[in-house]
Amino acid sequence: MTIRLRDLGACFEGVIPSILATASADGVPNISYLSHVEFVDDAHVALSNQFFSKTAANLHANNQATLLLVDPRDGDQYRLNVTFDRSLDGGTLFDAMAAQLRASSAQIGMHGVMRLRGVDLYRVDRVEAVQSPTIATAIRPSTADRHLAAAATLAVRIAEASDIATIIDAVLDGVREGFGFSNTMLLLKEPSGARLVTVGSRGYAWSGIGSEVAVGEAVIGTAAAERCAVRISDMSRIRRFGSAIRPTSADENRTRTIALPGLADAMSQVALPMIAGGSLRGVLFLESAERLAFSKDVEAALSIVANQAAAALSLADSLGNEPSLVTSEGNGALAGRPFNIVHHTFDDSVFIDNEYVIKGVPGRLLVHLLRLHLREGRADFTNREMRLSDELRLPDLKDNLETRLLLLRRRLEEKAAPLRLLQTGRGKLRLQLAGPAVLTVAKGKSSSSR
Amino acid sequence: MIDAELASFMESAVMIIVGTCDDVLRPQVGRAVGAIVDRATSSVDLIVSEWQWPETIANVRWNGRLAVTFARPSDYVSYQVKGRAMVVPALAAHRACAVRYVEAMTATLVGNGLDARVTAPWLVDREPAALRLAAEMIFIQTPGDMAGQRLEPSR
């Protein structure tokens, strides 16, 4: 049976070191370990140039080499007869491998230390399985077809969704139902471009809606900065950063920061950039406690999903430019329990009954709506007037108001706040108060825990 | 050439990979399951499964060229030894060494978090042959500043 390189996907995950044998022109062999062999296509592999000088000298004198790859799932070994083709110092393949190296070195706290010097491309002349006494070597067929079908189903679901909230839910639910991955997050880029904010998640102890990741930081931030997928298949040797302890609301009240959720025992992670119209819109992130949970095939299929979602979100944003309506209800809700809302102007953080809710533009939006409601007894607000409002000082709101309203809406739900934004129809929100609201404006960096 | 410390390293639970080359300069990869160092002569006997790595044995029979890298999985300390080798029949001592090695190496790799079912295909001693290597050159291959440097005979 002919073994196709594409069927050896797990061997390229860099979990078990590969081995490279070369020989000088006068027949002196050389043998060394390699951390990673990159699959290029069925006839080519690439190696990052991390060699000792002897290997490089041998390859230039005698371009024949033999690689031994190991499947980390069963230990099966595969021998590849290869011929050195050429070295690359740029291009798509080089850029992708460089980004992957930067991401993995950032993960182990060696950011900027490991740099890709060169990529060597090899033609693969022959692939064969090494005899094994354990079980007859069984090549697992590629799962690409199955994942492609799941991506197609999910793409339909995304295409059917017409507003941002439905699109985000379609992606997160679809990844779980179609691919079987239950720990996911979707983050969208802030207009400033410096940060990503979580707008939805599945499978965590807390949703993390409103939590932020700096572009360039860790796996998610690197995928955004590099605009390429970052995948880690075995985190057992990677230093873990303690972000998986559930934060208390006292922590949130003190730091005015919502913690990013995470799996404490994650072994695999993949972060996929969401790109539409040439711009980064966000990042789709998945993780799993299993080793090797995300194969190259899964990455390829999810990349289609991520970009499809980015396009759908862009379209929903532009449709959202039509005036949409926010109505208010329960004017004063005299029957309900009164509640306090404190607006800290220095960072626009909002606390409801001493509980931190949100800060920044979504915080400003909430206070603005409430103030109009209290001052003018207004029942209806449109997106257009929010965009035009001087009071709001909204930065570059053109394409982000919908996202911020969604963030605000979901955060209020999560905090079980006595003040909610309900979606009542396409482009229609309702400001709902459970009791009389008392709004206080706090200037300066005073403590919130009064 | 091989001092006591290096000899002990080679005989400990370290991964052993062997490189050979055929008559058309095609290099070949194989694995050894144990080493016995003759400290007086700097000769190293490597036990290799001819069942699993027939090309490696055939290449050594053909031209005697051999490169061996010893690597410790826990900290990547590695040495490469090159020289001329010949194939000798595996004696009882070689077979016993292979059994001990497979046991110790399996324990080490399992201790590093690998499953014994996964490591089994790398630690095969079926139909053992011994490659008797006369060490001519030794190189440090531990990743780092010293990588690729030749060990002085007076080490």
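This tour moves through a predicted model, from chain B to a sheet in chain A and then to a few single residues.

**Chain B as a whole**

Begin by selecting chain B and colouring it by secondary structure. Four helices and seven strands should appear in chain B. Followed from the N terminus, the elements of chain B come in the order α-β-β-β-β-α-β-β-α-α-β.

Next, display the surface of chain B. Its accessible area is about 6600 Å², and carbon and sulfur atoms account for 56% of that area. Of the 155 residues in chain B, 53% are buried. How far apart in sequence are the residues that touch one another? Among contacts in chain B between residues at least 6 apart in sequence, 69% link residues at least 24 apart.

**A sheet in chain A**

Now turn to chain A and select strands 15, 16, 17 and 21. These four strands form an open sheet with mixed pairing, in the order 17-16-15-21. Strand 17 (355-358) and strand 21 (437-442) of chain A each have a single partner strand; they therefore stand at the edges, and one side of each has no neighbour in the sheet. Direction ignored, neighbouring strands of this sheet are turned by 25° against each other on average.

Zoom in on strand 15 (residues 339-344) and strand 16 (residues 349-352) of chain A. This pair is antiparallel and is joined over four bridges. To see two facing positions, select A:His344, which stands opposite A:Ser349 in strand 16 of chain A.

**Helices across the sheet**

Keep the sheet visible and add helix 8 (residues 360-376) of chain A. Helix 8 lies across strands 15, 16, 17 and 21 of chain A, and runs at about 130° to strand 21. Then add helix 10 (residues 401-414) of chain A. Helix 10 lies across strand 16 and strand 17 of chain A, at about 155° to strand 17.

**Single residues**

Return to chain B and select B:Thr119, which belongs to helix 4 (residues 116-119) of chain B. Is B:Thr119 buried or exposed? Its relative accessibility is 0%, so B:Thr119 counts as buried. Leaving aside residues up to four places away in sequence, B:Thr119 touches B:Thr106, B:Leu109 and B:Leu114; show their side chains to view these contacts.

Finally, select two cysteines. A:Cys11 counts as buried because its relative accessibility is 3%, under the 20% cut-off. B:Cys21 is buried as well, with a relative accessible area of 1%. How many disulfides does a search of the whole structure find? Over all chains, the number is zero.

Key:
Residues numbered from 1 in each chain as written. Chains lettered and ligands numbered in written order. Predicted model: local features only at pLDDT ≥ 70, side-chain atom pairs only at ≥ 80, totals over all residues. Heavy atoms only, no water. Buried < 20%, exposed > 50% of the residue type's maximum accessible area, 1.4 Å probe, protein only. Contact = heavy atoms within 4.5 Å. Areas by Shrake-Rupley, 256 points an atom, 1.4 Å probe, with all protein chains shown as cover. Pairing = 2+ DSSP bridges. Axes fitted to C-alpha atoms, helices over the stretch in contact; angles between N-to-C directions. Disulfide = S-S within 2.5 Å.
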